[in-house]
Amino acid sequence: MGGLAATSPAFRPALAASRFTPVPGPAANFRTQVCGLRCWVAAKLKLRKALKRHGWQLQRKLDVRGDDKIPDYLEVASLTETTTHRNVQLAYDSGGGVASTSSDTLDDSIALKNSTHLTVNPSETHPPVPKEASSMFDGHSESEPSLCIAVIGATGELARNKVFPALFALYYSGFLPRNVRIFGYSRKTLTDEGLRSMIEANLTCRVDHHENCEDKLNEFLRRTFYIDAGHGNKDGMVKLNSRMAQIEGTRAANRIFYLAVPQEALLDVALPLADSAQSKRGWNRIIIEKPFGFTGLSSHRVTQSLLSRFEEKQIYRIDHLLGKDLIENLTVLRFSNLIFEPLWSRTYIRNVQVIFSEETATEMQGRYFGNYGIIRDLVHSHILQTIALFAMEPPVSLEGEDIRDEKVKVLRSIRNVDLEDVVLGQLKDMSGKVDRYTKSMTPTYFAAAMYIDNARWDGVPFLIKTGMGLMKNRAEIRIQFRHVPGNIYRERFGHDIDLDTNELILRDQPEEAILLKVNNKVPGLGLQLDASELNLLYRDKYKVEVPDSYEHLLLDVVDGDSHLFMRSDELAAAWNVLTPIIHEIDQNRVAPELYEAGDRGPVNAYYLAAKHGVRWDDDW
């Protein structure tokens, strides 16, 4: 993926040695001779991670030319930009003098050219360095770049319940460098110990491996610090930069900023951050939470403000639902299996259903009755991104930019949605305030039929259905194939011709599974047909705990893998799809159909599906 980042495999603890696979070729032998056992293990960890995350990408090779003298391992940084393979990309995310490489097998310490020529501004005054912080890097080479991760809005619910636990899970599993530091930033008056006590209750170790859990927890907490923003972000970001710089010292320094703040406060935080808190000796990346604007115009203004201070490759717009294995499996299943790739078009696929529902309604008051609604929050990012990944043409590589190029083509090809092809619903308010929901037109349920006007998908309906407070948690993609032409067994299916439809189901909830519906003969005398499911249940096949989606996406940010994050042109294309229908809904004051909590949702969704020749699956 493009701009893969700074997590050197030398930072990671050794995992099960029996799972390492030797890398063939002279490059591996060269590494082994030069670096010894430590470098060999580092290379194998890189390969293992690449194979684990992209099983259909067998190996990524890297050729680096240096002089005839073999450099010492700790002097690898003296190698300059003499790369010869296209997978090597020297990237300056922040405009600084440190390059990062896109290779999964190159130690990031190679990218430290000129780092010794940059110094910290002597005018900055830093508070005394805590002993525990100064000792954190004892035994670490000065050539190893540090990584600082700042959580802006550290005392909020998102940070406490999701971001910090995900960071600890990555640290515990060895996916963060040993010299990482975590910074919490907010306007509440807290100390380092106060932040550690606040987040400790939500930090848990993996169910499937609890080794040294207490030790790892204490290590992580010792690396966590708090910055009081005070009365304004301008001074607060100066304090954050000062605290980071004092711990980083003179080594190369990379920084990630997770902006866990409301959209209304985004620019108030991001602009001072850009001016005062970016590293000058490494890359900088910022993570922005959805929803990405209230309208297309407001989103455009925010994007332009961000791009005035940051480069596009520094911005990671995160939607945690895109970190599910279901999403990652879309491309793996399609592009690595010959039996599916030829079928992936209008020739064989009759319709596609994208379904997402939640049975709980804990966020109703804030996000949905607060005017954002399900269209801006879920459809704009998660649903449209899922469709784009499903329907895109094969990218030229797994690089993030190549995948995003194909996604944006799909988004630009989606036909304007007709209001008659939309069903809106709203969960009845059960709080006792009977008139509360009648004062808001904000939908909590959305169903629609969409079409992609290109050669591959012309005429294929994409039915989407998403809602809150429904019967069960459900997240799946259903691909229904066309009927067999001239099916000689047609009469055996009776009047319900849908029974002979082959169907591929990719499911994340209620349990991870891949299901293929096929027709077969029932054993015994006579000829009775039955539709059965060939199933791959993750809980039976893989005896591991599935990582949280935040872990997946945060690791992608560390690695510089951007393919699951929306680029600015994708953001604009998604708004172009939804803005006309949102305006039409608002102008016509379309009233959403009310539905009870725990129900299937509005009945009109079934009429919508029938209109386009689709029957929703009733397994709610």
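# Exercises on a parallel sheet and a nonpolar core

In strand β6, Ile-315 is the bridge partner of Ile-286. The model is a predicted one, in which local features need pLDDT of at least 70, side-chain atom pairs count only at pLDDT 80 or more, and totals for chains, interfaces and linings use all residues. Residues are numbered from 1 along each chain as its sequence is written, and side-chain values use heavy atoms, with hydrogens and water left out.

**Exercise 1.** Determine how β5 is joined to strand β6 and to strand β4.

*Solution.* Strands are DSSP runs of E of at least two residues, and helices are runs of H or I of at least four, numbered from the N terminus. Two strands pair if DSSP finds at least two bridges between them.

Step 1. β5 and β6 (residues 315-318) run parallel and are joined by four bridges. Ile-288 stands opposite Arg-317 in β6.

Step 2. β4 (residues 253-259) pairs with β5 in the parallel sense over five bridges. Here Leu-259 has Ile-288 of β5 as its bridge partner.

**Exercise 2.** Establish the order of the strands in the sheet and identify its edges.

*Solution.* Step 1. The open sheet has six strands in the order β3-β2-β1-β4-β5-β6, with parallel pairing.

Step 2. β3 (224-228) and β6 are at the edges; each has a single partner strand, so one side of each lacks a neighbour in the sheet.

**Exercise 3.** Decide whether the residues of β5 are buried or exposed, and on which side they point.

*Solution.* Step 1. Buried means under 20% relative accessible area, exposed over 50%, and partly exposed in between (1.4 Å probe, protein chains only).

Step 2. In a regular strand the side chains alternate between the two faces of the sheet.

Step 3. Asn-284, Ile-286 and Ile-288 point one way from β5, whereas Arg-285, Ile-287 and Glu-289 point the other way, and all are buried. Strand β5 (residues 284-289) is therefore largely enclosed by the rest of the structure, with six of its six residues buried.

**Exercise 4.** Describe the largest nonpolar core and the surroundings of Phe-462.

*Solution.* Step 1. A nonpolar core is a set of buried Ala, Val, Leu, Ile, Met, Phe, Trp, Tyr and Cys residues joined through side-chain atoms within 4.5 Å.

Step 2. The largest such core has 128 residues, of which Leu-240, Leu-259, Phe-390, Met-450 and Phe-462 touch the most other members. Helix α11 (residues 373-391) gives the most to this core, namely 11 residues.

Step 3. Contact means heavy atoms within 4.5 Å. Not counting residues up to four places away in sequence, Phe-462 touches several residues, among them Val-352, Ile-387, Phe-390 and Trp-457.
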